[in-house]
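This briefing introduces a protein structure to a reader who has not met it before. Please look over the sequence and the model before reading the points below.

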Amino acid sequence: MTHTISTQSNHQSKSQKRKKFKRKQTLQKASGVIAPRVKKVGGDKFAIVCVDPAKARSEWMMADYYGNVLIPASTVEHQPIPIQLAIAAIKQAQQQHQMQDMIVTIERTGNYHLPLQRAFKRAGLEVRIVHPFATKQYRMPADAGNKTDATDLAAQHRAAVAGFGLCELPLPLNYQQLQLQVRHRRDLVEKSSGLACQIKEHLNLTMPRYAKLFSNFFSHQAALTIAVETGSPEQVVALGVKGMGSLLRQKKILFQSATTEKILAWAQQAIQSPAPEATRLRHAIWTDLYQLYELKQLKINDLEREIAGNLATTSYIRLLAIPGINVVSAADFAGEMGPISHYANANAITGRSGLYPSRYQSDQTNNAGGIVRTSNRRLRAAIMRIADNLTNLNYFFQARGALQLSQKVDKRAIRVKTAKTFSRLAMACVAGDQPLKHPCCRDPNSIIEKLRAFHYQHRTTPDVALVDLQNTVGQLPLATQGLEAEAVSLSLENYARSRRGPTKLGELLPLILARLNLQTPPSEALVDTEPSQKNAPAAHNEDLGSAASD
């Protein structure tokens, strides 16, 4: 009985401490608060410089906290000398009016705001970013239907006063490169997909239903070569099985006799249909498009190798331990997220990506409208793509999705729940220091082996692959390194037994195993797949517990 009372008192004291350190609420955005600084120096001694950028020039003005204009709206060209003159004018006005504190706010406008942002930072000025939505909302009440540079500057000043001039954390160079590479790859993939549709459209007119013979038409070298060299069912019939076989052997392309027999059977049926007009011209068009498609595929392959190298220098490489996540999807998520230290918890990830319920409430009206529309769309898309992969490839999420479908849960809600669970897993996996303990990782993938298989598929040179694998070892927690050493040892044994695959990549495994064994303490060389709760940090277990119950 005494033990029960003491336990309850201890629980009450802990809950009281938690309430005591609860963060104080404020109406301003956390990264945009300027009220304490204004209170310290006074509103008439706090200056705000507002900049409304465009492609070649920008409008700017300077006013104090209360809105008294110190420098009226002016135009600055995006050239070194005009920008230096504008900075000199700002500093002169700061001395003239005895301003003790000052910030510069720039509206985010594509990439047009970057030259001025860099120039002001080099000049030692504090630069903050205002979202165009904030400018619009603060312009509409004062200047409805009147959108000019002057009204935008005034609205931007009001937004900064209200705490919507936000500080941006600096993005390390490897994350900047990863973000640009991932976005460039996504653009190339979308363009190559459009080319693939055009190719099939023209091919279907000259060789009807030929592409449907193969589920992987664009990766089937034998089928593509015959289509390029013949161009019509008549020529396929003229070649016959032997002619197609000799053609493929001449091109040094591996094939099966069943493939040529299938193509010949198709051609004998397709030849009975009337031939379309301009067959040769359409054949020339789709073969030209296919050359462009091949070039884009080669560039995508090169980009993915570079992306893997940058991903290996970040802690997001740990996400490969989750079945259903590959190098490209992990890099896509990492490039849009930035360093995990920029996020306080998993809710910060879903908050930035807009994966939380939209709500409209006024008096007795309280309507739910799905998820919010305003968000970081690129980050949301990256998370939703991973959610789709987990639903299709991870047994835990497959089973949970099937159960929710049987309970008549909306498919869109299932996707969002999976994305929410992944955000918690990502926070625990990337920011934690223990192997991931969650039902979706009962049989975790080997990160080293997954990355080695990726480089094998992309035909990466051994020296580049070795650097990436060694960088990956440096990003692994100590407890995970023991598991990876076991996986690499098993792969090395299988490689020595079978003697299959690329010899040079196989020779890298002993080097990686040696580094893993050197960096892993003897007591932690073998770590259980599911460590006890004592060894896991509290925040890690809380995140995973909430993720499992999601």
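The points that follow are grouped by topic, from the sheet and its helices to the nonpolar cores, the aromatic pairs and a hairpin.

The structure is a predicted model. It contains an open sheet of five strands, and its largest nonpolar core has 54 residues. The count of aromatic pairs comes to 13.

**The five-stranded sheet**

- The strands of the open sheet follow the order E3-E2-E1-E4-E5, and their pairing is mixed.
- Strand E3 (69-77) and strand E5 (127-130) are the edge strands, each of which pairs on one side only.
- From one strand to the next, the twist averages 20°.
- Seven bridges join strand E1 (residues 46-53) to strand E2 (residues 57-64), which pair in the antiparallel sense.
- Within this pairing, Val51 has Trp60 in E2 as its bridge partner.
- Helix H3 (residues 80-96) packs on the sheet, where it touches E1, E2, E3 and strand E4 (101-107). The direction of H3 makes about 170° with that of E3.

**Helix H4**

- Leu116, Gln117, Ala119 and Phe120 are buried in helix H4 (residues 114-122).
- Viewed down the axis of H4, the buried residues fall within an arc of 165°, so they line one face of the helix.
- These buried residues of H4 pack against E1, E2, H3, E4 and E5.
- Gly124 follows H4 and has a positive phi, near 85°.

**The nonpolar cores**

- As a general background, nonpolar side chains in soluble globular proteins tend to be buried together.
- In the largest nonpolar core, of 54 residues, Tyr316, Leu319, Phe333 and Phe422 are those with the most contacts inside it.
- Helix H16 (residues 411-431) gives the most to this core, contributing eight residues.
- Another core lies apart from it and has 28 residues, including Leu195, Ala211, Leu248 and Ala267.
- When neighbours within four places in sequence are left aside, Phe333 is in contact with Tyr316, Leu319, Leu379, Ala382, Ile383, Ile386, Phe422 and Ala426.

**Ala330 and its surroundings**

- Ala330 is located in helix H12, and with a relative accessible area of 0% it is buried.
- Beyond its neighbours within four places in sequence, Ala330 is in contact with Leu311, Tyr316, Leu319, Leu320 and Ile325.
- Ala330 and Tyr316 are separated by 14 residues in sequence, while their C-alpha atoms are 6.7 Å apart in space.

**Aromatic pairs**

- The model holds 13 aromatic pairs. In one of them, the ring centres of Tyr138 and Phe164 are 6.0 Å apart and the ring planes stand at 55°, so the pair is tilted.
- Tyr138 belongs to helix H5 (residues 132-139), and Phe164 to the loop between helix H6 (149-161) and helix H7 (173-206), so this pair ties together parts that are 26 residues apart in sequence.
- Tyr138 is partly exposed, at 27% relative accessibility. Phe164 is also partly exposed, with a relative accessible area of 27%.
- The rings of Tyr175 and Tyr316 have centres 6.2 Å apart and planes at 80°, so this pair is edge-to-face.
- Tyr175 lies in helix H7, and Tyr316 in the loop between helix H11 (279-311) and helix H12 (327-337), so the pair ties together parts that are 141 residues apart in sequence.
- Tyr175 counts as buried, at 8% relative accessibility. Tyr316 is likewise buried, at 0% relative accessibility.
- A cluster is formed by ring pairs that link Tyr210, Phe214, Phe217, Phe218, Trp266, Tyr290 and Tyr293.

**The hairpin of E6 and E7**

- Strand E6 (residues 357-362) is hardly covered, as the count of buried residues among its six residues is zero.
- E6 pairs with strand E7 (residues 365-371) in the antiparallel sense, over five bridges.
- Tyr360 has Asn367 in E7 as its bridge partner.
- The hairpin of E6 and E7 has two residues between the strands, and Asp363 takes a positive phi near 55° in this hairpin.

Conventions: Residues are numbered from 1 along each chain as its sequence is written. This is a predicted model: local features need pLDDT of at least 70, side-chain atom pairs count only at pLDDT 80 or more; totals for chains, interfaces and linings use all residues. Side-chain values use heavy atoms; hydrogens and water are left out. A nonpolar core is a set of buried Ala, Val, Leu, Ile, Met, Phe, Trp, Tyr and Cys residues joined through side-chain atoms within 4.5 Å. Buried means under 20% relative accessible area, exposed over 50%, partly exposed in between (1.4 Å probe, protein chains only). Helices (H or I, at least four residues) and strands (E, at least two) are DSSP runs, numbered from the N terminus. Contact means heavy atoms within 4.5 Å. Two strands pair if DSSP finds at least two bridges between them. Axes are lines fitted to C-alpha atoms, for helices over the stretch in contact, and angles run from 0 to 180 degrees between N-to-C directions. The arc is that of the directions from the helix axis to the C-beta atoms. Rings of Phe, Tyr and Trp (its six-membered ring) pair if their centres lie within 6.5 Å; planes under 30 degrees apart count as stacked, over 60 as edge-to-face and the rest as tilted.
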